[in-house]
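Open the model in your viewer and keep the selection tool to hand. We will walk from one stop to the next, picking residues as we go.

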Amino acid sequence: MKKLSAVLMVLMLAAGSVFAGGKKDTGTASAGGKYKIGILAPAVTHGWVAAVAYHAEARCKELSDKISYKLYTSNNGDEMTSQLDDLLLWGANAIIAFPQWTGMEVPIQKAIGKGVVVVNFDIAINVDGVYRVSGNNEDMGIQGAKYIVDKVGKNANVVILDVPTSGSVAELRKKGFTETIAQIAPDTKIQTYATQFTREAGLKDMADILTKNKKIDAVYSMDDETSIGALQAIKESGRTDIKVITGGGGCQEYFKMMPKDNDIWIESALYSPAMVRDAVDMALDVLNGKKVEKVKIIPTTVVDRTNYTKFLDPSSPY
């Protein structure tokens, strides 16, 4: 009897741990022939990241007649690796991974070696057999350049809010922007300043930029959060020369700002966290034996005051 009680206690503790470590569990059985799909996402460091988990879970719930799922969030690569091991023990047929840290190549390769379908969201890693769904960072820059030239012409003063600490993300967006400007508006004058993907940095750095530049026609910002801060700085300065500010991501708060100021065009190059829904669909298609391209790049959509209502989602955390 004591042994039986001990076993029951262990089982109760194991069941209670299902919700620990940022994990949600919708069941460990594949009853009715359902596929098991695991989601690995970073813990919330930015509204965009929070929305990735939101949209991944929403899509899994929509597919609840076909799949059961577990969703984990992690704070570092070691934690995500441990969670990946848990998903393998659970018997996951597929894993959607959004690895923001180096060192995930080996554990992901291990999962693929065990026959698990792995779809990377957004981040490209060097692993044989991995699938990937991503937006197009370079095209975001291309579309931003075309938008600015369309609004302010080919001989303008433009400020780039660069984020060099973001690695290839800002690098590709800046490349697309500068190369396109060089082609379609070579007389454009460009000043580049470093900032961060936060509204606090956008506010602080834009305030400094405004004091250094007496005439600015447009701001090429790469991120909606940065743009929210930059717009606050512009408003507080009383400046009326700036006619365009771009953004990137798909922030609901930023969308709602678009129609409120007719003196400045507020734009976002959509790099939506909702793209993770395509990653879930890709995993399910592979499991069902459908022919799937290894990489799916989702084209850029430009959002401004003319179409923002199409992209409003009151339930989104971003």
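This tour of a predicted model visits a sheet, the helices on it, a helix pair and two pockets.

**Stop 1: the sheet**

Start by colouring strands 8, 7, 9, 10 and 12, which in that order make up an open sheet of 5 strands with parallel pairing. Which strands stand at the edges? They are strand 8 (189-194) and strand 12 (265-266); each has a single partner strand, so one side of each has no neighbour in the sheet.

Now zoom in on strand 10 (residues 244-245), which runs parallel to strand 12 and is joined to it by 2 bridges. Pick Ile-245 and look across to strand 12, where Ile-266 is its bridge partner.

**Stop 2: helices on the sheet**

Next, select helix 6, which packs on the sheet and touches strand 7, strand 8 and strand 9. The direction of helix 6 makes about 165 degrees with that of strand 7. Then add helix 5: it lies across strand 7 (157-162), strand 9 (218-221), strand 10 and strand 12. Against strand 9, helix 5 runs at about 170 degrees.

**Stop 3: a pair of helices**

Move to helix 3 (residues 77-90) and helix 4 (residues 105-113), whose axes come within 10 Å and cross at roughly 10 degrees. That angle is under 35 degrees, and the two helices are therefore roughly parallel to each other.

To see where they meet, show the side chains of Thr-81, Leu-84, Asp-85 and Leu-88 in helix 3, together with Pro-107, Ile-108, Lys-110 and Ala-111 in helix 4. This contact is made up of 5 nonpolar, 1 polar and 2 charged residues.

**Stop 4: the largest pocket**

Select Gln-100, Asp-122, Ile-123, Ser-166 and Val-169, which lie nearest the centre of the largest pocket among its 37 lining residues. The space in this pocket comes to about 790 Å³. Which element gives the largest share of the lining? Helix 6, from Stop 2, does so with 4 residues. By class, the lining counts 15 nonpolar, 16 polar and 6 charged residues.

**Stop 5: the second largest pocket**

Finish with Leu-231, Ile-234, Lys-235, Asp-261 and Ile-264, the residues nearest the centre of the second largest pocket, which has 15 lining residues. Its volume is about 310 Å³. Highlight helix 8 (residues 224-237) as well, since this helix gives the most to the lining, with 4 residues. Colouring by class shows 6 nonpolar, 3 polar and 6 charged residues around this pocket.

Terms used: Residues numbered from 1 in each chain as written. Predicted model: local features only at pLDDT ≥ 70, side-chain atom pairs only at ≥ 80, totals over all residues. Heavy atoms only, no water. 1 Å grid on protein atoms, 1.4 Å probe; cavity = no way out; pocket = protein on both sides within 12 Å on 5 of 7 lines; lining within 4 Å. Points joined across faces, edges and corners; volume = space filled by probe spheres on them. Nonpolar A, V, L, I, M, F, W, Y, C, P; charged D, E, K, R; others polar. Pairing = 2+ DSSP bridges. Contact = heavy atoms within 4.5 Å. Axes fitted to C-alpha atoms, helices over the stretch in contact; angles between N-to-C directions. Parallel < 35°, antiparallel > 145°, perpendicular 65-115°, else oblique.
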